[in-house]
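Hi,

Here is the structure I promised to pass on. Have a look at it first, and then read on for what turned up.

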Amino acid sequence: MSAGLAAPELSSQDDALPLYRQVYQRFIQAISQGSLTPGQRVPSIRALAGELQVSRNTVELAYELLIGEGYLEARGQAGTVVSPRLAEVRMQQPRPADAPAPRPASLSLFDSASDWQPLPYQLGLPALDLFPRKLWASLNTRQLRLQNRFLSYPQPAGYGPLREAIAAYLHLSRGLDCSPQQVFITAGYRGALNLIGRTLLRPLDQVWIEDPCFPPSRHLMAEMGAELVPVPVDRDGMQVAVAKERAPHARFALVTPAHQSPLGVSLSLVRRLELLAWAEHNNAFIIEDDYDSEYRYDGRPQPALASLGANDNVLYVGSFSKVLSPALRLAYLVVPKPLLTRFNAACHTWHDGCPLLNQGVVVDFMQEGHFIRHLRKMRSAYAQRRELVIASLRQAFGERMSFDVPACGLHLLARLDRSEDDIALAQRAKRERFGIAALSARALEADCGKGLLFGFANVATPEQAAQQARNLRLCLEGRSLPPGG
């Protein structure tokens, strides 16, 4: 066992940090105090899990965070070591002996730009320059002038007219046959997952999760006590047959069927039907994260899982973060009718509701036709911006990058040769304030190859696209960026 890790038993009390965070913090402390030094090999996942008497899942999550943030470096069969780059950081930035160790640039998906301006290629953001500011301000003013109720306490399950508007929109756009009572308004995607966890999840319930996946999904489910079952993804989406072999009696499957995050593929119709049949047969639940299906550029969209036949096993999650703004903190969860009593009770116990003013403005935005017009405008703009970014990166990097161009969504996957270290490249880019992420950092067990993930929504002109691509090339080659770059 490496120095600094032979510590007392991890706490499992309800008020303690999650176990994987406790393991993570032990490594941070050991590295900052010098007990673990750059280049030193750390225990294998199996060995450390046995020593601490926790599940391998717990240690895997901690190692994923440490690798993603640059503290550890995975070397395949040679094991995992403390990143040698930490020694370079110390050499480049001398500090007093009593000062804390420098923290490498984080690759956390929860990070964002420090001000209103998005980072180049930042993931997860819609086009901030195209947000309808004047219209939005007018709608806000009107609501404040006419409606005193928007200054009162919000309803735990959501503002009634917004639930009605969402139910109508989903019926037309996604084919969901749902009533307004089935729609619950939550504080973003995390709020929807938290409501599901509070209502249905039991300790150590098995959850199928796509591998690779959206990092907050696995972190949130693990923190709520789920046992994660990684399921590989291919060109047809989650491999349902593999999932049934690994955990046939799992209680949940968390999927992004319209636009898999991060690979960008769609779940095939055959697998959608197979997944629904498994859930019905096992009385299990499918959490359908439909996070950006509104932006489809090629072909007809696949039907939502929740729209296919009887949907008493599908929990559908949508969001306004990608179509309007993440600052609204508004998402919605469509719940099967047999679960309404349980979800209403959970809302009144655990959920304070979302700000009424934001909900009221969104209602007007939808009911007056602005929402559909906005989506149409954004689809056209994003299709153009996607092509700008691809063309500029091809010009800058040539054959070093090849692109998986999805039919929908707001991010691109640039594939790299397997000899490339995509995590190191993403860390280097992060230090220079680029918003890209490494593909391999989002895998749990699967070998998904090497690549970089790019957001393209905020690249507005060919000149901006070309400049960002040139600057990124300089950054990844270890050269200095031009002043102001």
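A question to start with: which residue in β10 is the bridge partner of Val 317? It is Leu 333. Before you go further with that, please keep in mind that this is a predicted model, so everything below is computed from predicted coordinates.

**Around β10**

That pair belongs to the contact between β9 (residues 314–319) and β10, two antiparallel strands joined by four bridges. Strand β3 (residues 183–186) also runs antiparallel to β10, again with four bridges. There, Val 183 is the residue that stands opposite Val 334.

What about the two faces of β10 (residues 331–334), are they buried or exposed? Both are covered: Ala 331 and Leu 333 are buried on one side, and Tyr 332 and Val 334 are buried on the other. As background, side chains in a regular strand alternate between the two faces of the sheet.

In the loop between β9 and β10 you will find Arg 329. Its phi is near 55°, which is positive even though the residue is not a glycine. With a relative accessibility of 34%, Arg 329 counts as partly exposed.

**The sheet with β11 to β14**

Further along the chain there is an open sheet of four strands, in the order β11-β12-β14-β13, with antiparallel pairing. Its edge strands are β11 (402–404) and β13, each of which pairs on one side only. In the middle of that order, β12 (residues 411–416) and β14 (residues 450–455) are joined by six bridges in the antiparallel sense. If you want a residue pair to look at there, Leu 413 has Leu 453 in β14 as its bridge partner.

Helix α14 lies across β12, β13 and β14, and runs at about 35° to β14. The loop between α14 (422–431) and β13 (437–438) holds Arg 433. Here too phi is positive in a residue that is not a glycine, at about 65°. Arg 433 counts as partly exposed, at 42% relative accessibility.

**α8 and the cis prolines**

Why call α8 largely enclosed by the rest of the structure? Because seven of its nine residues are buried. They are Pro 215, Pro 216, Ser 217, Arg 218, His 219, Met 221 and Ala 222. After α8 comes Gly 225, with a positive phi near 100°.

On the other side of the helix, the loop between β4 (206–211) and α8 (215–223) contains Pro 212. The peptide bond from Asp 211 to Pro 212 is cis, with omega near 5°. There is also a cis peptide bond between Ser 261 and Pro 262, where omega is about 15°. Pro 262 is in the loop between β7 (252–255) and α10 (269–282). Worth checking how your setup handles both of these bonds.

**Cysteines**

How many disulfides does a search of the whole structure find? Zero. Cys 347 is in no disulfide, and the nearest cysteine sulfur, that of Cys 354, is 9.4 Å away. Cys 347 is buried, with a relative accessible area of 1%. Cys 213 counts as buried as well, at 2% relative accessibility.

**Overall picture and confidence**

The protein has 15 helices and 14 strands. It has 485 residues, of which 55% count as buried. Among contacts with a separation of 6 or more, 73% are between residues 24 or more positions apart. The accessible surface comes to about 22000 Å², and carbon and sulfur atoms account for 50% of it.

As for confidence, the average pLDDT is 86, and 88% of the residues score at least 70. Where should you be careful? Over residues 91–115, pLDDT stays under 50. The model has 43 contacts beyond four places in sequence for that stretch. Where pLDDT is low, the predicted coordinates should not be read in detail.

Cheers

Definitions and conventions:
Residues are numbered from 1 along each chain as its sequence is written. This is a predicted model: local features need pLDDT of at least 70, side-chain atom pairs count only at pLDDT 80 or more; totals for chains, interfaces and linings use all residues. Side-chain values use heavy atoms; hydrogens and water are left out. Buried means under 20% relative accessible area, exposed over 50%, partly exposed in between (1.4 Å probe, protein chains only). Two strands pair if DSSP finds at least two bridges between them. pLDDT is the predictor's confidence in each residue, from 0 to 100. Contact means heavy atoms within 4.5 Å. A disulfide is a pair of cysteine sulfur atoms within 2.5 Å. Accessible areas come from the Shrake-Rupley method with a 1.4 Å probe; for residues, only the protein chains shown count as cover. Axes are lines fitted to C-alpha atoms, for helices over the stretch in contact, and angles run from 0 to 180 degrees between N-to-C directions.
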